[in-house]
Amino acid sequence: MSVLLPRRDEISSRVTDRTDMLVIILAALCASLAGLSVAVAGPLVAGVLVAAMLLATAAYRPVFATYAYLLTLPFLAGIERGTLVPGVRPNEALFAVLVAGACIGAWLRLLRGDPIPLRLGPLDLPLAGFAVLSTVWPIASMMLRGAEPHYTDLVALLPVCKLVALFLLVRLTVHTEQQRLRCIRLVVWPTAGLSIVAILQTLGVEPVLTLLSAFWNASENETSDRGTATLGSSIATGDYIIVGLMLLLYCGTRGILGKWERIGLGVLLGAGVLASGQFSTWISALVAGVLILRRYPQARHQVIRFLPIAGIAVLVGAPAFLGRMADFAQGYAVPRSWLGRWDNLTTFYLPQLAEGRFVFGISPNSVLTAPETWRDVIYLESGYLHFLWVGGIPLLVAFAWLSVAVLRGASRLAPRPGSTGACAATLEIAWWMVLVLSLIDIHLVVRGFGDLLFVLLAITAGRLNDDMHSTQDLALDRSPDV
C-alpha cells in the first residue's frame, strides 16, 4: 500500500505546484464537461463522467484523493443513503472512487519499479490491534458462541473499516510540509462553511431550512435550537467545528495562517461552537480550553486579545445556546435528552451486559428495535459500553492501548513548529475529547469527526515513523565498520 507514495522527484515543491495546477485545470475542464452533459444527457451521464474524472485524477496524483475527500467531507457526509446515490451515502461513494483511483495509481507505480518503503511506526501496531478487535473479533466471538451474524452485524463493521482505509490513504499520500498545510486549509475552510450553515439554521433562515430538510433530513424541532447543518447531526457538527477551531488556533500560534484568515475563520468557528446547540460540544470546548492553558501557560496572557472576537462569536451563536439553556429553566437538573439516554441504558442495555456478556461482547450492531410505536430503533449512547457490547473486554483494552500510544505520540510532536506540531497538538485535544465524551456517546466514529480524527492520526503517525527510522538510519551510519 505504501506504493501510493509519489516518486522522489515529485516531492519537490516546484514539481508539486506544477502538478497541482495541472490537476486544478483538469478538474475545471471535467466540471465544465459534466455541466454540459447534464444539459444534454442528464444526471446519470454527468455522474459517470465526474466519477471517471475523479478516478483518473486520483490515479495520476494519489494525494488528490485526500484533498478531494477533505474538501467535500462536511457537506456530503450528512446526506442520507439513497438520496443521491442508490444504496450508499454520497461521501461513501466518493471515497470508494477516490481510493480505487489511488490504488490503480499505486499499481501502475509498482509496475514502473518504484520503491516500496513499507515501514511500521509506533502507532501502527496499536491501531492494527484495535482494528482487528473491532471487526474480526466481534464476528468470531458471535460464531464461537453459536450465534449467526446477520447483515446488520456486518454493516456495523464498515465505519471502522472505512476509517482505517482513510488512515492508510492519508498516511501513504501526505508527506511534505506543503501537503500537510493544504490538508489543514481543506479542514478549516470547509469547517467555516459548516459553521455558517449551522448559524443560519439556528437563526431560522428559510432557504437554509428548506435545503437542509430536502437533502440532509433536518426535522423542524432540530432547526429551532440545534445546528445539525450539512452533517445531519448536531453532535457531529459540534465535534467537527471544535477540531477545526483547535487546528486554527494551533496554526495561529505557529504563524502558519495569515492574520485576517485566522480572525475571520475564528469568528465563524467560535460562533459555530455555540450554534451546534450541543452540551457535549460545549464540554469539548471546555476540555480543549483547559488543556491548552495547562500545556501552554504563555497562552493565558493572550486570552484578553481574543475577547473581542469571542464576543462577536457569542452574539452570533447566542440563539442556539439560549434555546438549550431553557431545559434548566424548566426545572431539569440535566439536559432532557440525557434523561432519555439514561433510561435507554438502564432498560435495554445494562441488563444484558450485567449477565456477564460484556466479557466477550454481544454483537457488532448495538442498535436495537424499539418496542414502542413512537420510535423505530434505540441507540447505545455510551462509548465505553459500546466497546463492551461490540467486542467485550478485549476491545476495551485495545482502545486503552491505542489511546496511550496516540497521546504519547501526539505529546511528543506537539511542541514542534509548523504543520506537524499543529496537527499533533490538535490530535491530542481531539483524543481527550473522545476519552471524556465516550461516557455519553461513541465519539470515535461520529460522522465527520471520526474522519478528521484518523486524518490527524495518519499525519502524526507518519511523522513519528519518519523520526524513528531517521534516528535508526543515523545510528547505523555512525556505527563502526566491521
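**Exercise 1. In which helix does Arg180 lie, and what surrounds it there?**

Before we start, a word on the ground rules. This is a predicted model, in which local features need pLDDT of at least 70, side-chain atom pairs count only at pLDDT 80 or more, and totals for chains, interfaces and linings use all residues. Residues are numbered from 1 along each chain as its sequence is written, and side-chain values use heavy atoms, with hydrogens and water left out.

Solution, step by step:

- Find the element. Arg180 belongs to helix 8, residues 177-202. Helices (H or I, at least four residues) and strands (E, at least two) are DSSP runs, numbered from the N terminus.
- Check the burial. Arg180 has a relative accessible area of 6%, so it is buried. Buried means under 20% relative accessible area, exposed over 50%, and partly exposed in between (1.4 Å probe, protein chains only).
- Look for a polar partner. The side chains of Arg180 and Thr420 are joined by a polar contact of 3.5 Å. Such a contact is a pair of N or O atoms within 3.5 Å; within protein, one must be able to donate a hydrogen and the other to accept it, and residues adjacent in sequence count only if both atoms are side-chain atoms.
- List the surroundings. Neighbours within four places in sequence aside, Arg180 is in contact (heavy atoms within 4.5 Å) with Val174, His175, Ser419, Thr420, Ile459 and Arg463.

**Exercise 2. Describe the ring pair of Phe399 and Trp431, then place it in its cluster.**

Solution, step by step:

- Set the rule. Rings of Phe, Tyr and Trp (its six-membered ring) pair if their centres lie within 6.5 Å; planes under 30 degrees apart count as stacked, over 60 as edge-to-face and the rest as tilted.
- Count. The rule yields 9 aromatic pairs.
- Classify. The ring centres of Phe399 and Trp431 are 6.2 Å apart and the planes are at 25°, so this pair is stacked.
- Locate. Phe399 sits in helix 16 (residues 383-413) and Trp431 in helix 17 (residues 418-437), 32 residues apart, and the pair links distant parts of the chain.
- Add burial. Phe399 and Trp431 are both buried.
- Widen the view. Ring pairs connect Phe130, Tyr384, Phe387, Phe399 and Trp431 into a cluster.

**Exercise 3. Explore the nonpolar cores, with Leu444 as your guide.**

Solution, step by step:

- Define the core. A nonpolar core is a set of buried Ala, Val, Leu, Ile, Met, Phe, Trp, Tyr and Cys residues joined through side-chain atoms within 4.5 Å.
- Take the largest. The largest core has 103 residues, and Leu98, Trp431, Leu444 and Leu453 have the most contacts inside it.
- Follow Leu444. Not counting residues up to four places away in sequence, Leu444 touches Phe130, Leu163, Phe387, Phe399, Trp431, Val434, Gly450, Leu453 and Phe454.
- Find the other one. Another core, of 12 residues, lies apart from it, and includes Leu345, Tyr349, Leu385 and Trp389.

**Exercise 4. Compare what is known of Ala229 and Leu231, in the loop between helix 10 and helix 11.**

Solution, step by step:

- Start with burial. Ala229 counts as buried at 0% relative accessibility. Leu231 is buried too, at 0% relative accessibility.
- Inspect the backbone. Most residues other than glycine have a negative phi. Ala229 is not a glycine, yet has a positive phi of about 55°.
- Trace the partners. Beyond its neighbours within four places in sequence, Leu231 is in contact with Leu73, Pro74, Ala77, Gly78, Leu194, Ala236, Thr237, Tyr240 and Arg447.
- Note a long-range approach. Leu231 and Phe449 are 218 residues apart along the chain, and their C-alpha atoms are separated by 9.9 Å.

**Exercise 5. Is Ser363 buried or exposed, and what does its side chain meet?**

Solution, step by step:

- Place it. Ser363 is in the loop between helix 15 (336-357) and strand 1 (368-369).
- Judge it. With a relative accessible area of 12%, Ser363 is buried.
- Find the polar atom. A polar atom of the Ser363 side chain lies 3.1 Å from the backbone nitrogen of Asn365.
- Finish with contacts. Leaving aside neighbours within four places in sequence, Ser363 is in contact with Met142, Asp153, Trp389 and Val390.

**Exercise 6. Sum up the protein chain.**

Solution, step by step:

- Elements: the chain has 18 helices and 2 strands.
- Burial: of its 482 residues, 49% are buried.
- Contacts: among those between residues at least 6 apart in sequence, 75% join residues at least 24 apart.
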